[in-house]
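Trainee: Before we begin, I would like to understand how the descriptive words used for a model like this are justified. Could you set each one against its definition?
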Amino acid sequence: MAVPAIDIQNVSKYFAKVIANKDVSLTVEEGEVVALLGENGAGKSTIMKILYGLYGKDEGKIFVRGEEVNIKNPADAMSRGIAMIQQHFSLVPTHTATENIILGNVHGHVNIKEHEKKLKEIALKYGFDVPVDVPVGQLAVGQQQKIEILKALYINTSILIMDEPTAVLTPQESDNLMQFIKDFTAKGNSIVFITHKMKEVMEVADKIVVMRNGVVVDTVKREDTDEQELAKLMIGEPIIPPARDESIDYMNNDVVLSIKDVSFGEKNAVDLLKDLNFDIHKGEIFGIAGVSGNGQDELCDVISGLKHATKGTIVLDGEDITKASIKKRNTMGIGYCPVDRYRDAMVMDMTLAENIFLKHWWDKEWSNKGFIRIKKLNEYTNELIKRHRVKANDYSDIARGLSGGNQQKVVLGREVDLGKKLLIFNQPTRGLDMGAVDRIHHVISEEKANGKAVLLISTELSEIFEMCDRIAVMHGGKMMGIYKNGDLTTEQIGLLMAGVHLEDEKEVAE
Amino acid sequence: MKSRANILLYNIGAVIIGLIISAILLLFMKVNPLDVCGQALGKIVSDKYNLGEVLVKATPLIFTSLAFAFTYNANLFNIGAQGQFLMGSIVAVALSLKLQSIVPTFILLIIVLIGSAAGGAFMGGLIGGAKAKFKANEFLVSMMSTYVVSNFMDYLLRTSLQETKAEYMQTDAIDKAAYLPTILPGTRVHLGFVIAVLFAIGVWVLLNKTTLGFQIRAVGKNSDAANLGGIKPTTIYVISFMIAGGLAGIAGLTEINGVQHMLLRDFNASIGSYGIGIAILANGNPIGCIFASILFGFLNVMGTTMGRLPGLNIPASIIELIEGIVMACVIISYAVRRIVENKKKKKQMRKAGA
């Protein structure tokens with residue numbers, strides 16, 4: 001048997017708080033596509049970052065083409081033909097593709113034209129259609145990713161690592177990427193791609209390495225396995241999604257939130273939201289699908305009160321709240337789980353009780369003449385921890401010490417109690433492990449059953465299909481249409497997400 | 001609780017190391033540090049008056065360090081405690097001179113307390129307001145505000161507040177009736193020290209037990225999340241700076257009515273900057289500010305005493321050097337503590353993993 005391109009033997013990595021990798025061993029043959037499958041936090045990215053020289057390993061050995069190596073930094077990795085495309089691209093938005101790609105590889109006088117020519121040749125070889133002389137900030141995410149790939153190809157990479165490459169892509173763009181992976185490896189190169197999506201794994205991977213809690217659970221050949229088996233390996237226990245009753249027609253229920261002609265934009269800039277119109281009814285989950293960055297966050301901002309709509313009205317339960325303060329909206333019964341938990345939802349260096357108090361400080365029930373009613377707060381926090389099965393000791397735990405899923409459960413618990421009428425979830429399960437996702441989905445279903453109106457924004461189509469009664473697709477700040485769940489196929493949603501109108505599709509009227 | 005004890009241990013260790021390094025420096029001056037320190041220490045401990053001076057020096061430092069520590073909890077930097085203190089002093093001396101013959105001592109002192117706090121709070125409010133309204137950098141604004149107040153004070157000392165003799169740039173001395181009463185006979189220790197300790201405790205309660213304190217800390221630790229919790233960070237900026245300014249202003253009362261009994265040029269020129277260092281030494285903890293201030297009060301008296309030791313010719317400024325070294329050691333100790341704790345955790349992990 002030939003010498004493997006990469007041979008990782010018993011590598012371990014310890015962080016101060018967690019064991020990130022323990023005795024991880026895997027091999028990558030030449031011309032092979034290896035999928036690194038696992039939930040978030042399973043240690044997939046860590047082991048690859050070690051290979052790419054971003055982290056140092058604490059134990060174990062790494063061989064590249066049979067030679068034992070100690071990769072100190074990415075430059076070292078690149079000189080051995082290893083490149084990694086991070087989940088968040090490392091491109092300078094104001095530079096062109098060419099400038100980005102030659103960054104760090106050239107010295108002295110630079111002949112841009114010559115480099116552009118060389119790049120175009122490489123791009124042509126793989127059928128990439130990307131402009132090499134436009135600032136990358138102006139390009140779509142899918143194209144930016146191609147530039148990242150070109151960057152790797154430019155330095156003659158033979159082992160390409162991709163971290164969650166399809167997370168930001170439309171279904172069509174993902175298909176293109178899969179095609180590239182096949183072409184690239186057909187030339188004898190190797191690819192490791194990190195993912196938690198089973199579908200992609202089954203499509204392109206030759207070998208699948210399943211990781212859980214920092215260890216390799218199993219290594220299987222694609223042809224010897226199926227999605228069910230992989231799911232079982234990945235999660236360790238079966239997951240039952242909450243059942244959705246499709247027979248109820250929510251359109252007849254009272255309207256809780258009504259958005260009329262709402263636009264939003266910063267001064268002297270393009271509108272980020274354009275003339276949005278929709279109602280959410282009692283007991284209904286209204287889903288918004290779309291590639292992130294198409295106005296979803298701004299929509300949340302204008303409903304939660306962080307920003308004010310520049311046009312149109314927002315009505316909650318018959319009361320116009322277009323200009324109301326955040327506090328006022330909180331007291332009126334809006335609960336909101338923002339997408340960026342670290343930035344917007346929690347104070348990481350405060351205790352869990354204090355984080356709960358963050359949305360109760362104005363309430364006379366929770367304070368007495370300006371003094372916090374600490375005992376009551378602590379008891380409530382303990383009760384919430386128990387109710388939502390948060391893995392924490394008690395109210396005095398510092399939020400930062402909890403795992404992402406448990407932090408999200410605390411936020412969720414706080415917001416569902418606060419949001420008596422409307423709950424807004426912006427990608428509530430992003431970056432969480434399956435167990436936490438399951439718990440969060442069940443809580444959302446419970447709140448729907450309690451008659452609350454729910455706005456669920458997600459980039460995961462499976463989540464949208466699983467949870468929502470109606471689905472709207474956003475693109476470029478506009479609604480591409482509102483549909484009943486079940487009226488759209490994945491392909492159709494994919495087209496809508498990419499901004500293509502479905503001429504023949506029957507829109508479900510409001 | 002364990003981690004708090006740990007911090008204290010590191011702090012004490014750092015202070016000791018700082019003193020040892022300082023002692024080595026004394027060697028370069030060709031004096032025997034043990035001998036000198038022993039002599040100075042003996043002079044302080046054996047003399048009630050000197051011992052009392054430690055608390056006298058510590059009193060205004062408690063206030064100026066609280067002024068920094070308070071905004072520090074809102075993640076703001078108040079470098080202008082000196083200016084706020086001077087404003088408090090101006091108000092204190094003006095009110096005392098005006099009212100000392102009209103109202104009884106007790107009421108006068110209460111009026112001066114409120115007035116000096118209001119003077120400092122006014123300065124703080126300007127800084128906080130500039131930050132909230134124009135997004136001005138509070139670090140620079142507060143720092144420069146000190147010069148404004150200092151020059152304003154000079155102007156007053158030359159005009160409306162100048163002594164009746166109109167000779168020096170200073171005010172008339174206030175009457176005995178306007179003095180803060182001495183609490184330890186035979187020393188200069190005055191009621192101001194008790195007031196300072198009470199305020200430090202009050203600040204701790206305010207920060208940790210009240211809704212307002214919660215809002216301030218929430219804004220300090222994550223203003224985005226606080227904002228989404230309905231707390232207006234801009235309002236908090238103004239409030240924190242006003243409270244901080246008020247605290248520094250009260251030092252005006254303790255220094256004018258407790259110690260100096262008049263206002264003069266370059267009045268206590270460095271207590272503002274010491275306050276910053278002390279607050280950092282105390283890691284922003286109000287109770288810690290009391291002890292750190294006493295430590296610095298002690299070092300201050302120690303320096304003066306050393307300078308007065310016969311036949312050794314030690315410059316009194318040596319103490320500023322010592323204070324600087326101690327402070328540097330404490331700040332380094334924070335970094336050291338983090339590294340050590342990380343290493344320890346990692347080791348535990350490895351054991352657990354093996």
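Mentor: What follows takes up burial, contacts, helix packing, the core, the domains and backbone angles in turn.

Trainee: What kind of model is this, and how are its residues and chains labelled?

Mentor: This is a predicted model, in which local features need pLDDT of at least 70 and side-chain atom pairs count only at pLDDT 80 or more, while totals for chains, interfaces and linings use all residues. Residues are numbered from 1 along each chain as its sequence is written, and chains are lettered from A and ligands numbered from 1 in the order in which they are written.

Trainee: Why is N73(B) called buried?

Mentor: A residue is buried if 20 or more other C-beta atoms, placed from the backbone, lie within 10 Å of its own, exposed if 12 or fewer do, and partly exposed in between. N73(B) has 22 other C-beta atoms within 10 Å, so N73(B) is buried. Its place is in the loop between α3 (48-72) and α4 (81-99) of chain B, where helices (H or I, at least four residues) and strands (E, at least two) are DSSP runs numbered from the N terminus.

Trainee: Which residues does N73(B) touch, not counting residues up to four places away in sequence?

Mentor: With that exclusion, N73(B) touches L207(B), I216(B), R217(B), G220(B) and G284(B), a contact being a pair of C-beta atoms, placed from the backbone, within 7 Å. L207(B) is 134 residues from N73(B) along the chain, and their C-alpha atoms are separated by 8.3 Å.

Trainee: What makes G258(B) buried?

Mentor: G258(B), found in helix α10 of chain B, has 25 other C-beta atoms within 10 Å and therefore counts as buried. Leaving out residues up to four places away in sequence, G258(B) touches L180(B), H190(B) and G192(B); the C-alpha atoms of G258(B) and G192(B) are separated by 6.7 Å, although the two residues are 66 apart along the chain.

Trainee: How do you know that helix α11 of chain B is largely enclosed by the rest of the structure?

Mentor: Of the 11 residues of α11(B), residues 271-281, 9 are buried, so the helix is largely enclosed by the rest of the structure. Among the buried ones are I271(B), Y274(B), I278(B) and L281(B).

Trainee: How is the packing of α5(B) with α10(B) described?

Mentor: Two packed helices are described by the angle between their axes and the distance between the axes. Axes are lines fitted to C-alpha atoms, for helices over the stretch in contact, and angles run from 0 to 180 degrees between N-to-C directions. On that footing α5 (residues 105-134) and α10 (residues 233-260) of chain B pack at an angle of about 145°, with their axes 5 Å apart. By class, their contact has 17 nonpolar, 14 polar and 1 charged residues, where Ala, Val, Leu, Ile, Met, Phe, Trp, Tyr, Cys and Pro count as nonpolar, Asp, Glu, Lys and Arg as charged, and the others, Gly among them, as polar.

Trainee: What makes a set of residues a nonpolar core, and which members touch the most others here?

Mentor: A nonpolar core is a set of buried Ala, Val, Leu, Ile, Met, Phe, Trp, Tyr and Cys residues joined through C-beta atoms within 7 Å. The largest one has 242 residues, and L36(A), L51(A), I424(A), L456(A), L66(B), L247(B) and C289(B) touch the most other members. The helix α10(B) gives the most to this core, with 14 residues.

Trainee: How is chain A divided into domains?

Mentor: The bounds, which come from an automatic or database domain assignment, give domain 1 (6-235) and domain 2 (250-497) of chain A. Their centres, taken over C-alpha atoms, are separated by 33 Å, and the contact takes 8 residues from domain 1 and 10 residues from domain 2.

Trainee: Why does A166(B) count as exposed, and what is its phi?

Mentor: A166(B) has 8 C-beta neighbours inside 10 Å and so counts as exposed; its phi is positive, about 55°, although A166(B) is not a glycine. Most residues other than glycine have a negative phi.

Trainee: Why is E164(A) called partly exposed?

Mentor: E164(A) has 18 other C-beta atoms within 10 Å, and therefore falls in the partly exposed class. It lies in the loop between β7 (159-163) and α6 (171-186) of chain A, and its phi is positive, near 45°.

Definitions and conventions:
Two residues are in contact if their C-beta atoms, placed from the backbone, lie within 7 Å.
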